[in-house]
Amino acid sequence: MSSKQRHNLIKNLTVKELSEICKSCKLSGYSKYKQKELARFVAENTNIPLKELEGMVNGFIEDRLLTKIKDSEDYFLFKNVIIEHFDEELIKAKAGEFTVTIMNLGTEEFEYYCDEKCNDYRYHVKKGRYPFCKHYMAVIAELIYQNKIDLEKTELKYISGAVLDSLLKTIEKRNKEDGILKSSDREIESTLQKLKDDFLEISKQNSQISRKKYDERPERVFENLVDEAFQLLEFDTIPRRAEFGWDLLIVGTHASPPYLNVIECKTAKNGLYDYLMHNPDYLIRLKSYCIDMCKEKLIGAYKEYVKYMTIVAPDFPKEIIMHSSKFSYMSGGLILSFLPVSTLLYLVEKYRENPILTHDLIEDLFKLPKVIEKSDIDEIFLKAEYQIEEIIFKSKEILRSSMNEFSHNTDSCFIKLDEIMLGKLIDDVLFSLEPHLIKRGIKESMGVKTISIKHDYFKIWNIVLQSLTQEFSKILEEQSLTQEKRTELKEEITKLLQL
Ligand SMILES: [Zn+2]
């Protein structure tokens with residue numbers, strides 16, 4: 001087998017990739033070469049069978065394409081792609097400032113051009129190092145998202161296997177943000193399993209796991225896992241978009257009033273995050289994340305929602321809490337808490353098993369200017385049980401007293417209501433579920449009353465509604481046993497029979 005064939009195969013690989021081949025064949029003395037000579041050196045000195053070498057090269061290309069898909073998210077997920085023209089032969093689109101032209105998609109004559117501003121296109125795609133730039137990927141994602149391409153019918157060159165999977169995942173993310181798809185039970189299960197398996201290891205910068213399973217550096221994977229953990233607690237989350245600044249915002253939408261917690265994700269190789277102990281100046285930066293990069297950018301009442309900052313890390317030294325009071329002073333009253341990964345995981349697992357915590361109750365955790373412990377979690381679960389008992393007690397009482405008001409309209413067979421009475425009954429009972437399970441408002445344009453049902457609290461609804469229906473049937477039973485007043489029908493018949 002000729003070294004020429006080998007050379008053809010690998011001549012466009014990067015120095016890093018060529019070095020990896022050298023390493024795997026245990027070649028030495030390659031570090032002195034530049035790309036061109038290195039490619040020749042590898043072609044002449046390696047004895048990897050051509051098929052195997054082809055597999056390696058394809059692996060490298062796949063890795064590059066996966067990065068392109070990740071990079072394309074900046075355009076596609078942030079709705080920054082516009083399809084300007086679309087027909088079978090020609091597609092013209094804009095990804096941000098970059099114009100992409102695609103011809104004969106899905107056919108042998110397929111060709112595409114990216115903007116002249118695109119360095120990637122100029123230096124890599126044109127020279128055949130890889131098949132496309134991130135702008136092309138962003139456009140393809142948008143086309144699939146808009147149902148302009150049917151993947152069953154159109155075969156996209158180079159997009160298959162892991163690359164296709166990754167692309168579809170990106171599109172699913174957008175659909176989810178639009179509320180088109182809801183995470184299924186199975187997805188919750190698999191996210192939970194992922195957290196159980198990898199959360200702690202990733203927080204300790206296990207780069208082997210992060211590279212193998214997630215294709216990214218541990219710091220970034222950690223941020224994503226923290227985001228997913230809070231999503232499993234039914235928080236709205238806003239992951240960071242800038243290179244610097246806060247990592248994640250979580251929004252306690254269901255709380256009254258809502259709140260914002262600025263989350264800082266920190267990995268630590270030895271498992272203990274103590275950077276803050278040695279670099280107290282770092283507090284100034286944290287303050288700036290919360291104040292300059294968040295609170296000051298909001299307006300009106302939203303500003304007041306910014307109340308908390310929480311650092312999530314593998315673990316913390318106990319003395320770290322001394323920084324909380326300093327931070328509170330510096331930031332004008334924000335509360336800084338420390339959440340070890342094991343505690344967050346404990347909270348998520350316990351919550352998924354028994355989703356009875358409201359955002360108000362979880363807020364109690366963020367109010368603790370300390371290292372949050374498992375016992376703090378147990379405590380809010382206890383509080384949640386009391387809270388549910390209270391809701392049940394109140395709503396049952398209101399149901400009963402409302403029903404009692406109708407007793408003058410009750411005979412031995414019926415409790416009789418008209419539309420207005422029924423409306424009042426429903427209104428009274430709903431009122432008893434406020435603010436935990438529903439939120440009331442007014443449509444400003446029309447002055448119509450509205451009710452928002454907090455469906456995330458389905459488990460609490462379930463417990464409360466079961467108690468309410470039991471109470472309702474109990475009231476019916478009591479009426480049935482005690483009411484002796486004749487019905488109208490009986491009255492009539494008695495009268496007609498002249499009894
Ligand atoms: Zn481009």
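Where in the chain is asparagine 104 placed? Keep that in mind while you read these notes; the reply comes in point 6.

1. **What you are looking at.** This is a predicted model, so please read each point below as a description of a prediction. The protein chain holds 20 helices and 11 strands. Its radius of gyration is 31 Å, whereas the globule rule gives 23 Å for 499 residues; the value is well over the rule, so the chain is more spread out than a compact globule. You can picture the outline as a box of roughly 115 × 60 × 45 Å, which the C-alpha atoms fill along the principal axes.

2. **Domains.** Try colouring the chain by its four parts: domain 1 covers 3-48, domain 2 covers 64-177, domain 3 covers 185-372 and domain 4 covers 383-491. Between the centres of domain 2 and domain 4, taken over C-alpha atoms, there are 55 Å.

3. **Burial and contacts.** How much of the protein chain is buried? Buried residues are 27% of the 499 residues. As for contacts with a separation of 6 or more, 63% of them link residues that are 24 or more positions apart in the chain.

4. **The five-stranded sheet.** Follow the strands in the order β5-β6-β7-β8-β9 and you will trace an open sheet with mixed pairing. Why do β5 and β9 each have one side without a neighbour in the sheet? Both β5 (236-239) and β9 (335-340) stand at the edges with a single partner strand, so one side of each is left free of a neighbour in the sheet. On average, neighbouring strands here are turned by 25 degrees against each other, direction ignored. For a detailed look, pick β7 (residues 259-265) and β8 (residues 306-313), which pair in the parallel sense over six bridges. There, asparagine 261 has tyrosine 308 in β8 as its bridge partner.

5. **The four-stranded sheet.** Another open sheet has the order β1-β2-β3-β4, and its pairing is antiparallel. Its edge strands, β1 (81-86) and β4 (111-114), each pair on one side only. From one strand to the next, the twist averages 15 degrees. In this sheet, strand β2 (residues 90-95) and strand β3 (residues 98-103) run antiparallel and are joined by six bridges. Leucine 90 stands opposite methionine 103 in β3, which makes a nice pair to find on screen.

6. **Two residues with positive phi.** Here is the reply to the opening question: asparagine 104 sits in the loop between β3 and β4. Its phi is near 50 degrees, a positive value in a residue other than glycine. Most residues other than glycine have a negative phi. Asparagine 104 has 14 C-beta neighbours inside 10 Å, so it counts as partly exposed. Tyrosine 158 also has a positive phi, near 70 degrees, and it lies in the loop between α6 (134-145) and α7 (161-177). With 13 C-beta neighbours inside 10 Å, tyrosine 158 counts as partly exposed too.

7. **Two cis peptide bonds.** Most peptide bonds are trans. Which residues does a cis bond with omega of about 0 degrees join? Glutamate 434 and proline 435 are joined in this way, and proline 435 is found in the loop between α18 (419-432) and β10 (438-443). The bond from serine 256 to proline 257 is cis as well, with omega near -5 degrees. Proline 257 belongs to the loop between β6 (248-252) and β7, two strands of the five-stranded sheet in point 4.

Key. Residues are numbered from 1 along each chain as its sequence is written. This is a predicted model: local features need pLDDT of at least 70, side-chain atom pairs count only at pLDDT 80 or more; totals for chains, interfaces and linings use all residues. Domain bounds come from an automatic or database domain assignment. Two strands pair if DSSP finds at least two bridges between them. Axes are lines fitted to C-alpha atoms, for helices over the stretch in contact, and angles run from 0 to 180 degrees between N-to-C directions. The radius of gyration is taken over C-alpha atoms; the globule rule is 2.2 Å times the number of residues to the power 0.38. A residue is buried if 20 or more other C-beta atoms lie within 10 Å of its own, exposed if 12 or fewer, and partly exposed in between; C-beta atoms are placed from the backbone. Two residues are in contact if their C-beta atoms, placed from the backbone, lie within 7 Å.
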